[in-house]
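Here are some exercises to work through with the sequence and the model side by side. Try each task yourself before you read its solution.

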Amino acid sequence: MSVTLDLEELDQTVYEEVLARPELGLVELAARLGVEPDRVRDCLDRLFALRLVQASFEAPGRFTVVDPVLGMQRLLDQQHEELVRRHRQAVGHQQALVRILAGAGSAGRPAEGVERLAGLDAVQRRLERLALEARTEVLTFMPGGPQSAAALEAAERNDALVLGRGVAIRTIGLDLVREDPGTLRYSRTLLAGGGAFRTVVALPTRMVLVDRTHALVPIDPADSRQGALSLSAPGMIAPLVALFEREWGAAVPLGADPSQPVYVPTEQERSLLGLLAEGHTDESAAGQLHISARTARRIMASLIERLGARSRFEAGLRAARLGWV
């Protein structure tokens, strides 16, 4: 999620220039950056839309950046609102699909490619069979926060069967499971076996996709005890795969170090992130920390990689979301 920020590299460069040189107007910014004024205007439009830049009250025609910490909080608020909207939309679509499919089955006319599995035992038996039959990959949504010990134990057994044959496993859980010892232990076991685990703020429903040909979704997303629908029709599987890939691209990697279930940044890393969030350059932040600018850039590059971010700006947002700043 994270939700993408829709910021290009030039957007971030313009933001940094306005932060460092608020006296420059559009034409001066374009000249300094060596780009066409129209491109700078497009960047400013995006920054205005994200409320990271605003018109100067003191000098008409000039610009000023919003306080970086406030701007980051605004972006986090926007991300949260968008995640809630997407979550409600996805749940609505999923529930509508489930109602249609369940209704077709209950009317005595089973929908093609749909099988109703009544109760948790039937679902577990099907999961075990799919684990034996999987050939390429297993994709899983794990909503609902911390999982029960029985559910995690069953998942570990199935994962071992799958990973032992070289089948890929990718699982997405909720951010709050990072604080749950049982789920963290499960995720470490999955990572150690070669699987992958990421987290997001919200998920639409529980779901298991196998080889992009079969899927299990709950009959009632609000009550998994009722059982699941086993789907195999390509027209049903394709949108579920697309939904998973969208969430996977926005999710935050949990981290592959089994000795560190949740990475804890050092005081130096926290201080660097805090200074950069306040608008310091690498050089000025390095001076405050009594390290070289090269060391500051190296630390920041390591944090960007650890956070699974695509840019410094996105790394700052993810660090704030994790409470590092």
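**Exercise 1. Is Glu 133 buried, partly exposed or exposed, and which side chain does Glu 133 meet in a salt bridge?**

Step 1. Glu 133 has 41% relative accessibility, so Glu 133 counts as partly exposed. The classes are buried (under 20% relative accessible area), exposed (over 50%) and partly exposed (in between), with a 1.4 Å probe and protein chains only.

Step 2. The model is a predicted one, in which local features need pLDDT of at least 70 and side-chain atom pairs count only at pLDDT 80 or more, while totals for chains, interfaces and linings use all residues. Residues are numbered from 1 along each chain as its sequence is written, and side-chain values use heavy atoms, with hydrogens and water left out.

Step 3. The partner of Glu 133 is Arg 129, with 3.5 Å from N to O. A salt bridge here is a side-chain nitrogen of Lys or Arg within 4 Å of a carboxyl oxygen of Asp or Glu.

Step 4. Arg 129 is partly exposed too, at 42% relative accessibility. Both residues belong to helix H5 (residues 120–133), and because they are 4 residues apart there, about one helical turn separates them. Helices (H or I, at least four residues) and strands (E, at least two) are DSSP runs, numbered from the N terminus.

**Exercise 2. Find the residue that forms a salt bridge with Arg 157.**

Step 1. Look at Glu 153: its closest approach to Arg 157, N to O, is 3.7 Å.

Step 2. Place the pair in helix H6 (residues 149–163), where a spacing of 4 residues leaves Arg 157 and Glu 153 about one helical turn apart.

Step 3. Check the accessibility. Arg 157 is partly exposed at 43%, and Glu 153 is partly exposed at 48%.

**Exercise 3. Which residues are linked with Arg 170 in a network of salt bridges?**

Step 1. Begin with Arg 170 and Glu 245, whose side chains meet in a salt bridge at 2.7 Å, N to O. This pair links distant parts of the chain, since Arg 170 is in strand E5 and Glu 245 is in helix H8 (residues 234–250), 75 residues apart.

Step 2. Compare the two environments: Arg 170 is buried at 17% relative accessibility, while Glu 245 is partly exposed at 27%.

Step 3. Widen the view. The network is made up of Glu 137, Arg 170, Arg 212 and Glu 245.

Step 4. Turn to the backbone of Arg 212, which has a positive phi near 55° although this residue is not a glycine. Arg 212 sits in the loop between E7 and strand E8 (214–218) and is partly exposed at 40%.

Step 5. For the whole structure, the search finds 12 salt bridges.

**Exercise 4. Asp 180 is buried; how far away is the nearest side chain of opposite charge?**

Step 1. Locate Asp 180 in the loop between strand E5 (168–174) and helix H7 (181–192).

Step 2. The nearest opposite charge is on Arg 185, 8.7 Å away, and Asp 180 has no salt bridge. For this count, Lys and Arg are positive and Asp and Glu negative; His and the chain ends are not counted.

Step 3. List the contacts (heavy atoms within 4.5 Å). Leaving aside neighbours within four places in sequence, Asp 180 contacts Pro 146 and Gln 147.

**Exercise 5. How many residues does the largest nonpolar core have?**

Step 1. A nonpolar core is a set of buried Ala, Val, Leu, Ile, Met, Phe, Trp, Tyr and Cys residues joined through side-chain atoms within 4.5 Å. The largest has 25 residues, and those with the most contacts inside it include Val 138, Ile 169 and Leu 190.

Step 2. H5, strand E4 (137–142), H6, H7 and strand E7 (207–210) each give two or more residues to this core.

Step 3. Zoom in on Ile 169. Apart from residues up to four places away in sequence, Ile 169 touches residues including Val 138, Val 162 and Leu 190.

Step 4. A second, separate core has 23 residues, among them Val 200 and Ile 237.

**Exercise 6. Where does His 290 lie, and is His 290 buried or exposed?**

Step 1. His 290 is in the loop between helix H10 (282–289) and helix H11 (293–307).

Step 2. With a relative accessible area of 73%, His 290 is exposed. Its phi is positive, about 60°, although His 290 is not a glycine.
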